[in-house]
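User: I'm new to this one and would like a tour. Could you walk me through it?

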Amino acid sequence: MNIGDTAKLNTNPEDSPETILRLFVYGTLKRGYWNHQRFCAQARSIEPAVVWGRLYHLHAGFPALEVPEGLILSQGTADPLADARRQEDIGTPRFGRPTGDWDLIHGELVTFTDPQRNLPPIDLLEGFRPGGQSMYQRVMVPAARGSIACAVWTYTMHAPQNGERITNDNQAVFWKSRLYSAQNA
């Protein structure tokens, strides 16, 4: 399977819309990187997508995404099912270029059908603790998959201090580096 291909995995025709959770991943959870198999193998589908933001390579060795405050549709909670329902309630958000120095961040839209099973381990991996000290925040933002806009959850940091910004000009080179390759994990 190529990175640009859409993957259809674990499709269950009895999935109800309120249990669908869409997660935008931009780092080690993407296909071909070291956390993908462990945390995303149960995905219903995986497809290319973009969000507006700024991507950073942190000195700790992993990426961080900063998104414009004005694009945040909701904050993540400790209830994965409620978060999935909130995502469904948002419907189709507007996907427009925000004011300021923001890039289109390329990643993958991972769709899960059992948020109560799939989301807590990823929250733990990302250091997201609702109401507590968190490494990343899980927020809902607009994304585009082709010409279709949708609301997605993603993990963000506000103005990461210990990292180097990755621009659109060097994103492709960055992701192909040995640093994030699953083969080297």
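Analyst: Sure, here are some questions and answers on the fold, the core, a helix pair and one lysine. Keep in mind that this is a predicted model.

User: How many helices and strands does the protein have?

Analyst: Reading from the N terminus, the elements go β-β-α-β-β-β-α-β-α-β-β-β-α. Tallied by type, that's four helices and nine strands.

User: What share of the residues counts as buried?

Analyst: Let's begin on the outside: the accessible surface is about 9,400 Å², with 49% of it belonging to carbon and sulfur atoms. As for the inside, a residue needs under 20% relative accessible area to be called buried. Of the 185 residues in the protein, the share that passes is 51%.

User: Which strand gives the most residues to the largest nonpolar core?

Analyst: That core has 38 residues, and L23, Y26, V51, F112, V152 and Y155 have the most contacts inside it. Several elements supply at least two residues each, including β2 (21-25), α1 (36-40), β6 (103-112) and β8 (148-156). The top contributor, with six residues, is β3.

User: Which residues does L23 touch, leaving aside its neighbours within four places in sequence?

Analyst: L23 is one of the core residues with the most contacts inside the core. Contact here means heavy atoms within 4.5 Å. With those sequence neighbours set aside, the partners of L23 are E108, L109, V110, F112, I122, W153, T154 and Y155.

User: Are α2 and α3 roughly parallel or roughly perpendicular?

Analyst: Helix α2 (residues 80-90) packs against helix α3 (residues 115-125) with the axes 8 Å apart and an angle of about 105 degrees. Angles of 65 to 115 degrees fall in one class, so the pair is roughly perpendicular.

User: What classes of residue make up the contact of α2 with α3?

Analyst: From α2 come P80, L81 and A84, and they meet P115, Q116, L119 and P120 in α3. Sorted by class, the contact has no charged residues, one polar and six nonpolar.

User: Is K30 buried or exposed?

Analyst: K30 sits in the loop between β2 and α1. Its relative accessibility is 9%, and the cut-off for buried is under 20%. So K30 counts as buried.

User: How far apart in space are K30 and E108?

Analyst: Along the sequence, K30 and E108 are 78 residues apart. Across the protein, residues 24 or more positions apart account for 79% of the contacts with a separation of 6 or more. C-alpha to C-alpha, the distance between K30 and E108 is 6.4 Å.

Conventions. Residues are numbered from 1 along each chain as its sequence is written. This is a predicted model: local features need pLDDT of at least 70, side-chain atom pairs count only at pLDDT 80 or more; totals for chains, interfaces and linings use all residues. Side-chain values use heavy atoms; hydrogens and water are left out. Axes are lines fitted to C-alpha atoms, for helices over the stretch in contact, and angles run from 0 to 180 degrees between N-to-C directions. Angles under 35 degrees count as roughly parallel, over 145 as roughly antiparallel, 65 to 115 as roughly perpendicular and the rest as oblique. Ala, Val, Leu, Ile, Met, Phe, Trp, Tyr, Cys and Pro count as nonpolar, Asp, Glu, Lys and Arg as charged, and the others, Gly among them, as polar. A nonpolar core is a set of buried Ala, Val, Leu, Ile, Met, Phe, Trp, Tyr and Cys residues joined through side-chain atoms within 4.5 Å. Buried means under 20% relative accessible area, exposed over 50%, partly exposed in between (1.4 Å probe, protein chains only). Accessible areas come from the Shrake-Rupley method with a 1.4 Å probe; for residues, only the protein chains shown count as cover.
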